Amino acid sequence: MSPKIDLLNSLSEIEQSALIRISEAVSPEDLEALKISLLGRKEGQLSQILKRIGVVKSSERKIVGAEANRIKKVLTVALGTAQTNLETANKDMSSFFDVTLPGREQWKGSEHPINQVIDEVWQIFRSMGFTRVRGPEIDSEWYNFEALNTPLDHPAADQQDTLYLKNSGLLRSHTSPVQIRTLEKYSPPIRVLAPGMVYRRDTYDATHTPAFHQIEGLVVDEGITFVDFKATLSEFSKRFWGSGTKVRFRPSFFPFTEPSAEVDVKRIVIRDGQKVETDWIEVMGAGMVDPNVLENVGYDPERYTGFAFGMGPGRMALLKYGIPDLRMFFQNDVRFLSQLLHGQIR
Ligand code: PHE
């Protein structure tokens, strides 16, 4: 191989490997070091080659010299471009990471609003001497209807409203069957609260869900009167909805209570900094336990009397926290649940 070819080959190798190393450089320091090792006046690889130019025939030295110059230019341009790229990349990073931004908070949920309401209701009744009980979600026509003085031809027992299971049994359509189970299991004085899930053939929209919570209450003892009934539920309503709340008992009908009432509250809320009264809001169904119900479970209605009530914690949470859509309770969106931590659902 002629010395000319040999040197030209070496130059070509230097060019190839230098371009790769330049493209792989990750810092300006890398580039500076490369520049010295490639183009440095004394130790640079190009200079080393040119030192050997004496071995080439004088007529051919120009060719080798010109090639060395071309490569020097190419590498100088490549080093310059790489340098600019690194600088702008660093600038991009510093605008990407804004060190003055506050740290990102970890997402936290909180207790579900319905459970919060159940717990608040429970705390109030507990302080009045109630205990907590529960019954099965799959129940029979006897417990869900008949024992509660509701004949099976009553509209509530219709397939249109109640979810019947294939072979036998049904999904309870209210928590009132727990009244019967409690009367069977315990003896007076009875003061219980029974929160739980109930099921109805309902649409799924902003104000209906086919599965929802109820809280049942039952008091049975000797000498329980309508006064106990009104006083207990008035006291509860004021404690739960606020001390300025007005309570109204509106005559109603349930097959298992006589007389029956719907309890309405008129709350005082702050709107635009002003204290204003809301409209009357229906918050529970209630009444004196029907003597037929007591008889159905073997109690003497001449000796024992009582009252019962049922409320919907979903609806209560809706009113208390101003939640616009019942479906939000079932979506478990952590943004919704974490708002409760800060008490600011709007
Ligand atoms: N179970 C009734 C309902 O679901 C509510 C209720 C409970 C009424 C207890 C009276 C007494 O509508």
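A polar contact is a pair of N or O atoms within 3.5 Å. This cut-off applies to the ligand site of the present structure, which is a predicted model.

**Ligand site**

In the model, a polar side-chain atom of arginine 200 is placed 3.1 Å from an oxygen atom of the ligand; this pair is a polar contact because its N or O atoms fall within 3.5 Å. Two further residues, serine 176 and glutamine 214, also approach the ligand through their side chains. The table lists the three distances.

| Residue | Ligand atom | Distance |
|---|---|---|
| Serine 176 | nitrogen | 2.9 Å |
| Arginine 200 | oxygen | 3.1 Å |
| Glutamine 214 | oxygen | 3.0 Å |

On its own, the ligand has 330 Å² of accessible area, and the protein covers 89% of that area. The space that the ligand takes is the largest pocket.

The ligand is surrounded by 14 residues, and the closest of these are His174, Ser176, Arg200, Gln214 and Glu216. Sorted by class, the shell consists of seven polar, five nonpolar and two charged residues. Three strands each supply at least two residues of this shell: E5 (211-222), E10 (281-289) and E11 (304-311). The largest share, three residues, is that of E11.

**The seven-stranded sheet**

The strands that contribute to the shell, E5, E10 and E11, also appear in an open sheet of seven strands. Its order is E1-E4-E5-E11-E10-E7-E6, and the pairing is mixed. The edges are formed by strand E1 (131-132) and strand E6 (246-254), each of which pairs on one side only.

Within this sheet, strand E7 (residues 257-266) pairs with E10 in the antiparallel sense, over seven bridges. Glutamate 262 stands opposite glycine 285 of E10. E10 is thus described twice here: as a partner of E7 and as a supplier of residues to the ligand shell.

**The E8-E9 hairpin**

A further antiparallel pair is made by strand E8 (residues 268-271) and strand E9 (residues 274-277), which are joined by four bridges. In this pair, valine 269 faces valine 276 of E9. The two strands form a hairpin with two residues between them. In the turn, aspartate 272 has a positive phi of about 50 degrees.

Strands of a sheet may pair in a parallel or an antiparallel manner, in either case through backbone hydrogen bonds. The antiparallel manner is seen here for E7 with E10 and for E8 with E9.

Terms used
Residues numbered from 1 in each chain as written. Predicted model: local features only at pLDDT ≥ 70, side-chain atom pairs only at ≥ 80, totals over all residues. Heavy atoms only, no water. Near = heavy atom within 4 Å. Polar contact = N/O pair within 3.5 Å; in protein donor to acceptor, adjacent residues only side chain to side chain. Areas by Shrake-Rupley, 256 points an atom, 1.4 Å probe, with all protein chains shown as cover. 1 Å grid on protein atoms, 1.4 Å probe; cavity = no way out; pocket = protein on both sides within 12 Å on 5 of 7 lines; lining within 4 Å. Sits in = over half its atoms within 2 Å of the grid points. Nonpolar A, V, L, I, M, F, W, Y, C, P; charged D, E, K, R; others polar. Pairing = 2+ DSSP bridges.
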